[in-house]
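Here are my notes for you, written as numbered points. Keep the structure open while you read and look up each part as it comes.

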Amino acid sequence: MEERHITCIQCPMGCQLTITIDGDIDEITGLASKDAVVTVTGNTCPRGEEYGKKEVTAPTRVVTTTIDVEGGDIPRVSVKTASDVPKEKVFDVVREIKKIKITAPIKIGAVVITDVAGTGVDVVATKNVKA
């Protein structure tokens with residue numbers, strides 16, 4: 001049995017979570033196996049429990065960055081993944097995003113890359129850019 005202490009980042013509360021893992025833990029990645037029993041305490045809402053379990057079994061992240069814009073009133077537009085991607089795919093996602101350049105005009109929410117790095121997640125613009 002192993003115990004880990006992390007801060008929840010799902011809301012501004014920043015609950016101090018204690019995660020207890022009863023089961024196999026991969027020696028290389030430090031992740032609990034899918035059949036391990038994971039108990040989370042210290043959370044004040046259900047999102048904290050979900051976050052704690054996910055963080056020790058299959059952590060994910062939302063990726064935010066910028067993309068070059070051609071013919072726009074600004075040279076770059078902010079973008080983000082539409083949902084979280086597996087943590088081990090973050091660098092693949094960023095490398096794929098950095099390869100492209102888009103043409104203005106761009107609207108907030110416009111999909112600029114579909115299925116980025118084979119994750120099944122789209123990359124969307126988070127700012128309007130005028131031509």
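The points below go through the sheets, the cores, a helix and some salt bridges.

1. Before anything else: this is a predicted model. Please keep that in mind for every value that follows.

2. Let's begin at the start of the chain. Strand 1 (2–7) and strand 2 (16–22) pair in the antiparallel sense, with six bridges between them. If you want one spot to look at, find Thr7, which stands opposite Gln16 in strand 2. In general, the strands of a sheet pair through backbone hydrogen bonds, either parallel or antiparallel.

3. Strand 2 also pairs with strand 3 (residues 37–41), again in the antiparallel sense, over five bridges. Here Ile21 has Val38 of strand 3 as its bridge partner. How many of the seven residues of strand 2 are buried? Five of them are, so to speak of strand 2 as mostly covered is fair.

4. Now go to the loop between strand 1 and strand 2, where you'll find Ile9. Is Ile9 buried or exposed? Its relative accessibility is 57%, and exposed means over 50%, so Ile9 counts as exposed. While you're there, look across to Arg47: it sits 38 residues from Ile9 along the chain, and their C-alpha atoms are separated by 9.5 Å.

5. Next, the inside. Nonpolar side chains tend to be buried together in soluble globular proteins. The largest nonpolar core in this model has 20 residues, and Val77 and Ile97 have the most contacts inside it. At least two residues of this core come from each of strand 5 (64–70), strand 6 (76–81), helix 2 (90–98), strand 9 (111–113) and strand 10 (123–125). Helix 2 gives the largest share, three residues.

6. Ile97 deserves a closer look. Leaving aside residues up to four places away in sequence, Ile97 touches Thr65, Thr66, Ile67, Val79, Ile113, Val116 and Val123. There is also another core, apart from the one just described: it has eleven residues, including Ile19, Ala36, Val40 and Val56.

7. On to helix 2 itself. Which residues of helix 2 are buried? They are Val90, Val93 and Ile97. These three are on the same side of helix 2, because they cover an arc of only 65° around its axis. Turn to the other side of helix 2 and you meet Phe91 and Arg95, which are exposed.

8. What covers those buried residues of helix 2? The cover includes strand 4 (60–61), strand 5, strand 6, strand 7 (85–86), strand 9 and strand 10. Helix 2 lies across strand 5, strand 6, strand 9 and strand 10, and runs at about 10° to strand 5.

9. Now for a sheet of five strands. This one is open, its order is 8-5-6-10-9, and its pairing is mixed. Strand 8 (101–103) and strand 9 stand at the edges with a single partner strand each, so each has one side without a neighbour in the sheet. On average, and ignoring direction, neighbouring strands here are turned by 45° against each other.

10. Inside that order, try strand 6 and strand 10. They run antiparallel and are joined by three bridges. Val79 stands opposite Ala125 in strand 10, and Val79 is also one of the residues that Ile97 touches.

11. Last, the salt bridges: the count comes to six. One of them joins Lys54 and Asp84, whose closest N and O atoms are 2.7 Å apart. Lys54 belongs to helix 1 (residues 46–57) and Asp84 to the loop between strand 6 and strand 7, so this pair ties together parts that are 30 residues apart in sequence. Lys54 is partly exposed at 29% relative accessible area, and Asp84 is partly exposed at 30%.

12. Two further pairs are worth finding. Arg61 and Glu55 meet through their side chains in a salt bridge of 2.8 Å, N to O. Arg61 is partly exposed, with a relative accessible area of 25%, whereas Glu55 counts as buried at 16%. Glu2 forms a salt bridge with Arg4, with 2.6 Å between the closest N and O atoms, and Glu2 counts as partly exposed at 30% relative accessibility.

Terms used
Residues numbered from 1 in each chain as written. Predicted model: local features only at pLDDT ≥ 70, side-chain atom pairs only at ≥ 80, totals over all residues. Heavy atoms only, no water. Helix = DSSP H or I, 4+ residues; strand = E, 2+ residues; numbered from the N terminus. Buried < 20%, exposed > 50% of the residue type's maximum accessible area, 1.4 Å probe, protein only. Core = buried A, V, L, I, M, F, W, Y, C linked by side-chain atoms within 4.5 Å. Contact = heavy atoms within 4.5 Å. Arc of directions from axis to C-beta. Pairing = 2+ DSSP bridges. Axes fitted to C-alpha atoms, helices over the stretch in contact; angles between N-to-C directions. Salt bridge = Lys/Arg side-chain N within 4 Å of Asp/Glu carboxyl O.
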